[in-house]
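I wanted to go through this structure slowly and write down what I looked up, one topic at a time. These are my notebook entries.

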Amino acid sequence: MNAVAELLRKKLTVPNIYLEPRSPYIAADVLAVDRAGSGDLHAVRIELRRYREFKAPQDVNETEAAWMKFIREAMKNAQDELMALPAHYRYLAIAHDSWDLLVGEIGPHLYSPDGIGRIGIIAITDRGEDPPIAEISIAPERFRVDPVKLRNIEKKLLEKVRPDIEVRI
Amino acid sequence: MDEIRIKVYHGRALQLANAMKLCRDDLPSYAWAAALLAIHSAISYCDAVLFKLSGQRSRSPDHEQAVTVVTMACKKRKIPTDGIKHLDKLVSAKTDISYGDQQVDNQRAEALCLAAERFQTWAERLL
């Protein structure tokens, strides 16, 4: 989560960053609001945990196929959730290894059904004892956001809860 | 027309701040550049804020004057002035950093970048 937050802190302009914001209005793992809280919303779903839940079949020959099926399903669920998130920029953060397996087939599924917006992909590389690093593999494109949902997030989350990471004045 | 001017100054301020960020990532190589970009991004942010609040920027070549003008404009509109102290710090260092004969060490450059980032945060909330 810190690697993703650090990536957004560098990419955006003095963003306010919320880690696992507890809000019924936005189910993101990391939420960054650009330009000191006055700009676009960037929401990230991190899908590392589900991969850890994978139980390999007893027959080793079936493992790779089962793994591919498992991550495809996890990816599909995450994409569906991301499509419904009220944020201008949406990202799916996944392990670098998984991304290498799926790079060819995922592209067309990242676009919004209305053609406005594309989910960005963040690849996370585990570096053993060093902290993991996050990199943008596919750049996101801006989504259209329902103004009523956006206002709810502004009023009930951004105006009330202090961000976990911010530049203090 | 004012909106366009605000965008021009804001855009310039953002570019300079982003360039400062790049230099800040390698301060031993770019301390001077980072310090100068910090100062100039803050001056551009100040111009953008002044345009937003009063429809004009400070004409004085003395940037210290801009600190007074932006403070007055904020007080008139009851806007918190807490971020302006960082602008003050930056414009006070301008002559020394731009034309002085002393080295800018990493510590000083980092302090100026931090001040610029804090002033940027204050300004972004107004723009």
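Entry on the sheet. The model I have open is a predicted one, and I began with chain A, where I found an open sheet of 6 strands with mixed pairing, in the order E1-E2-E3-E4-E5-E6. I then looked up what stands at its edges: strand E1 (16–19) and strand E6 (130–138) of chain A each have a single partner strand, so one side of each is left without a neighbour in the sheet. Going from one strand to the next, I read an average twist of 20°.

Entry on one strand pair. I followed E1(A) to its partner, strand E2 (residues 30–33) of chain A, and noted that the two pair in the antiparallel sense over 4 bridges. Within this pair I picked out A:Tyr18, which stands opposite A:Leu31 in E2(A).

Entry on a helix against the sheet. Which strands does helix H5 (residues 96–106) of chain A touch as it packs on the sheet? I wrote down strand E4 (89–95), strand E5 (120–127) and E6 of chain A, and I added that the direction of the helix makes about 105° with that of E4(A).

Entry on chain A as a whole. I counted through the elements and have 6 helices and 6 strands for chain A, which follow the pattern α-β-β-α-β-α-α-β-α-β-β-α when read along the sequence. The radius of gyration of chain A is 17 Å, close to the 15 Å that the globule rule gives for 169 residues, so I noted the chain as being as compact as a globular protein of that length. For its extent, I noted that the C-alpha trace of chain A spans about 55 × 40 × 25 Å along its principal axes.

Entry on chain B as a whole. Turning to chain B, I found 5 helices and 0 strands, so to speak a plain row of α-α-α-α-α from the N terminus on. For 127 residues, a compact globule would have a radius of gyration near 14 Å, and the 14 Å of chain B agrees with that. Its C-alpha trace spans about 40 × 25 × 25 Å along the principal axes.Entry on helix H2 of chain B and helix H5. Two packed helices are described by the angle between their axes and the distance between the axes, and I looked up both values here. Helix H2 (residues 27–54) of chain B packs with helix H5 (residues 106–126) of chain B at an angle of about 25°, and their axes are 8 Å apart. This makes H2(B) roughly parallel to H5(B), and the crossing in which H2(B) passes H5(B) is left-handed. Sorting the residues of this contact by class, I have 19 nonpolar, 3 polar and 3 charged.

Entry on H2(B) and H3(B). Next I took helix H3 (residues 63–76) of chain B, which packs with H2(B) at an angle of about 35°, with the axes 10 Å apart. Here too I noted a left-handed crossing as H2(B) passes H3(B). From H2(B) the contact includes B:Ile43, B:Cys46 and B:Val49, and from H3(B) it includes B:Ala66, B:Val69 and B:Val70. By class, the contact of H2(B) with H3(B) has 9 nonpolar, 2 polar and no charged residues.

Entry on H2(B) and H4(B). At what angle do the axes of H2(B) and helix H4 (residues 84–99) of chain B cross? I read roughly 130°, with the axes coming within 9 Å, and H2(B) and H4(B) are therefore oblique to each other. H2(B) passes H4(B) in a left-handed crossing. Among the residues of H2(B) in this contact I listed B:Ala35, B:Leu36 and B:Ile39, and among those they meet in H4(B) I listed B:Leu87, B:Leu90 and B:Lys94. The contact divides into 12 nonpolar, 1 polar and 1 charged residues.

Entry on where the chains meet. Last, I looked up the contact between the chains, which takes 11 residues from chain B and 9 residues from chain A. On the side of chain B that touches chain A, helix H1 (2–24) and H5 of chain B each supply at least two residues, and the largest share, 7 residues, comes from H5(B). I divided the residues of that side into 3 nonpolar, 3 polar and 5 charged.

How values were computed:
Residues numbered from 1 in each chain as written. Chains lettered and ligands numbered in written order. Predicted model: local features only at pLDDT ≥ 70, side-chain atom pairs only at ≥ 80, totals over all residues. Axes fitted to C-alpha atoms, helices over the stretch in contact; angles between N-to-C directions. Parallel < 35°, antiparallel > 145°, perpendicular 65-115°, else oblique. Left-handed = near helix turned anticlockwise from the far one by under 90°. Nonpolar A, V, L, I, M, F, W, Y, C, P; charged D, E, K, R; others polar. Pairing = 2+ DSSP bridges. Contact = placed C-beta atoms within 7 Å. Rg over C-alpha atoms; globule rule 2.2 N^0.38 Å.
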